Structures are given as C-alpha cells and as structure tokens.
Amino acid sequence: MSAFDVLLGSERVMWRFRHRALDVGLLIAIVIGGFVLSAILVRHDRPLVTVVNLDRGPIGQQLARAFLSSSTVQVSERSGSTAAEDLRTGAVDAYVFFPADFSEGALASHVLTPDIRVAAGSRIGADSVLQVFSQSLLSSAGTGGLRVQPRISYGLGETTTDPADYFMVGALAVAVYLFALFLPVLAIEDTAGKPVGTVLGSAVGCTLVALIVGLVLFMVYLGPLHFHNIGSVGLVVVIELLAAASAALIGVALAGGRFDAGRSTWVFALLTVTQLLLCGALFAINGQPTPVRVAANLLPLSDVVDGLRNVMLRRAGLDSSAVQRALASLLGYTLLLSGAISFLMKRREGRARGSV
C-alpha cells in the first residue's frame, strides 16, 4: 500500500465526515456527555445511610450531628418506621438507630450499643458503617472513655449481602433489556406497508426470544456462576418478560423510524449510554442529586434493575411497594408503546391511501 492510497482513503473518510457532520457531531456530544455524566455520578456514588435518633439524652444528639457531617457516606435523618421501610425496599444501604435510653445506658455501663441494620444486597457492610460511627465518636465531645458494642443485623429474614450479587443482578437486567432493544432492529427490515398486527407480532416474537435468553442467563447466574437468589422465580420471570416487551417495542419503533446508518448510530448510542449510566446498575441512584434521580426514574431499565434486585436480593413479593411500582411502570410502558405504534402505523397507512 502506497502513501497515496493511505492519503486517498483518509480523504474519503474525511469527506464522509463532512457529509455527516451533524450525525458525527451528535455522536461526539453523546460520548463527551456520557463521560462527564460518569464523572458526576462517580463523585456522588457514596452509600446512603440513615440515622434514627430517639435518644432523650445528650450522647445520641451529639453522635447524630457528627454522623450527619460525615464525608465517607451520605447521611440523612429519618423516623424509625420510615427508615425501616427504606431499608426493606433498598432505598438506603443501612441505618443506625439510637434508642430512647441510649445515653442513660451508655452513662451507666460506659458502653455504647447502637443498633446498626444493613440492607440485604447492600453495596456496603457493617464494617463501613462502624468506621463512620467511630469517626463520629472521635469528633463528639463528652463521649470519651466509652466502649462500643454495636448490635448488627442484616436486612429481613434470609439475606444475601455479597456486593458481587448486587452487581450481577444489575448486569442480568441490563443484558436482557439491551438484547431485547437491539433484536428488532436486526430482525425487522422495514415496517413500511406491513399491517399493524404483523408488526406487533414481530414485537411479540422478539419478546419471547429475549425472554428465553433472559431465562438462560438467569440459570447461568444460579448454576455455573453460583450467585444467589432468595426471591420468587416466578416474579423474576414476570419482570424479565415485561422488560423484554417494553424494550422490544422501543426497538420496533426504531426499526420503523427509517433511520439511515449515520443517525441510527447516535440514536442507539444515546439510548444505550443514557440508560446504562442512569439505571442504577453501575452507579447507585439513591444518593445522587435530585435531577439525576428524577431522570433515572423515567427510564424503564431503572425499573428492571430495581425490580430484580428487590426480588432476588431482598425477597420482596407482590406486597412490596417497590416491586409493585416496577411492575406497574413496565406494564405501563408496554401498553403505551403498543398503542403509540398502532396509532402511528394506522396514521401512516391512512396517509398512503390518501396519496393514492
């Protein structure tokens, strides 16, 4: 290959870039925006811990104030019933409880006995919370000479607290969802001129294929990989089914959008990067700024990740508000997208008949 051939090939590529300047610019913007958003999420990616202080004496007040100023974790102050529900649904990673007689017992026995409760499937362990508690103890006046004997418990009932499980359930959700999202683009060439029933039937076929792949991944997760599931297998299947259905319908809509190669690249990059960063699989969303949490709650992949983690790691059932929210949201997305695709295709058919 001569230098002229290299130069000629380079010139052709640059000409194509100039011809697709808008598409290339949007792709660059997505990459840069994704990188910046990753940096923002990493900076805020700290475990979320709640302090419940019912102590009538001074020690609990001092420790709670010191705990709230911690830079190691994000700390909030809640009531006992609210903190317990947040822990059960995975909204917080842990909470520290100071009972009403906390100061009285500490002064009488010279022993601090906080209750530390860590969520099942949490990203942190009791050691991390104890470290923050120790730092708070050192920065509090009037608590010197007291020993610490915390009462530590994990979640509710049988639990799994391995951080690897927490990550792998998120990976399972992402794999099923993205496979169902991209499958219609590969399986459906064009929706133009096809009846609505045929197109929706294609979406059903893609959903079933994605569900089968999801079940295979779930069996690999439990079998060869030896990760944990303490929840209902039936609920896992239902969540994977709704996840595959909602993603497949988005893929069908994109397949019928008549995007050329350039635009389809940045459209899929936008869908993939945004949902991967904001779904909670890579970065915890609960401790993020409010705009990030609001955006994350609007994405269907966030409901898939949250629903599977609550079922598989916290043994949540249909009585759980978190599972109900995830199922309702995914079902709503599925019905809304089905209706939107049907409406748009019938409108397109009407226009085609009118032009004839």
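**Exercise 1. Determine how many salt bridges a search of the whole structure finds, and describe where the partners lie.**

*Solution.* The search, run over the whole of this predicted model, returns one salt bridge. The next step is to identify the partners: the side chains of Asp306 and Arg325 meet, with an N to O distance of 3.7 Å. This distance satisfies the criterion, because a salt bridge requires the nitrogen to be within 4 Å of a carboxyl oxygen. The final step is to place both residues. Asp306 belongs to helix α12 and Arg325 to helix α13, so that the pair, 19 residues apart, links distant parts of the chain. As for its surroundings, Asp306 has a relative accessible area of 27% and is partly exposed.

**Exercise 2. Summarise the overall make-up of the chain: which elements does it contain, and what share of its residues is buried?**

*Solution.* Begin with secondary structure: the chain holds 13 helices and seven strands. Turn next to burial: of the 356 residues, 43% are buried. Then consider the surface, where the chain exposes about 17700 Å², with carbon and sulfur atoms supplying 65% of that area. Lastly, examine the contacts between residues at least 6 apart in sequence: 80% of them join residues at least 24 apart.

**Exercise 3. Describe the largest nonpolar core and state which element gives the most to it.**

*Solution.* The largest nonpolar core comprises 47 residues. Within this core, the residues with the most contacts are Tyr177, Ile239, Leu301, Val304, Leu308 and Met312. Two or more residues come from each of α7 (163-187), α8 (196-222), α9 (233-255), α10 (261-278), α12 (300-314) and α13 (321-355). The greatest contribution is that of α9, with eleven residues. Val304 serves as an example: leaving aside residues up to four places away in sequence, Val304 touches Ala173, Tyr177, Ile239, Ala243 and Leu330. A second core, separate from the one above, has 19 residues, among them Phe98, Phe102, Val118 and Phe133.

**Exercise 4. Decide whether Asn229 is buried or exposed, and list what its side chain and the residue as a whole meet.**

*Solution.* First locate the residue: Asn229 sits in the loop between α8 and α9. Its relative accessible area is 19%, and Asn229 is therefore buried, because the cut-off for that class is under 20%. Next, follow the side chain of Asn229, which reaches the backbone nitrogen of Gly231 at 3.2 Å. Finally, not counting residues up to four places away in sequence, Asn229 touches Phe218, Leu222, Val311 and Met312.

**Exercise 5. State which residues make the nonpolar surface patch of about 490 Å², and place Val36 in the secondary structure.**

*Solution.* The patch is formed by Ile28, Ile32, Phe35, Val36 and Ile40. Of these, Val36 is found in helix α2, which spans residues 21-43. With a relative accessible area of 42%, Val36 is partly exposed. This value is compatible with a place in the patch, because patch residues must have over 30% relative accessible area.

**Exercise 6. Explain what is notable about phi in His110 and Arg315.**

*Solution.* Start from the general rule: most residues other than glycine have a negative phi. Against this background, His110 has a positive phi, near 60°, and Arg315 likewise has a positive phi, near 55°. Now place each residue. His110 is in the loop between α5 (102-109) and β4 (111-112), whereas Arg315 is in the loop between α12 and α13. Both are partly exposed, His110 at 47% relative accessible area and Arg315 at 43%.

How values were computed:
Residues are numbered from 1 along each chain as its sequence is written. This is a predicted model: local features need pLDDT of at least 70, side-chain atom pairs count only at pLDDT 80 or more; totals for chains, interfaces and linings use all residues. Side-chain values use heavy atoms; hydrogens and water are left out. Helices (H or I, at least four residues) and strands (E, at least two) are DSSP runs, numbered from the N terminus. Buried means under 20% relative accessible area, exposed over 50%, partly exposed in between (1.4 Å probe, protein chains only). Contact means heavy atoms within 4.5 Å. Accessible areas come from the Shrake-Rupley method with a 1.4 Å probe; for residues, only the protein chains shown count as cover. A nonpolar core is a set of buried Ala, Val, Leu, Ile, Met, Phe, Trp, Tyr and Cys residues joined through side-chain atoms within 4.5 Å. Patches are made of residues with over 30% relative accessible area and no salt bridge: like charges are joined within 9 Å, nonpolar side chains (Val, Leu, Ile, Met, Phe, Trp, Tyr) within 5 Å. A polar contact is a pair of N or O atoms within 3.5 Å; within protein, one must be able to donate a hydrogen and the other to accept it, and residues adjacent in sequence count only if both atoms are side-chain atoms.
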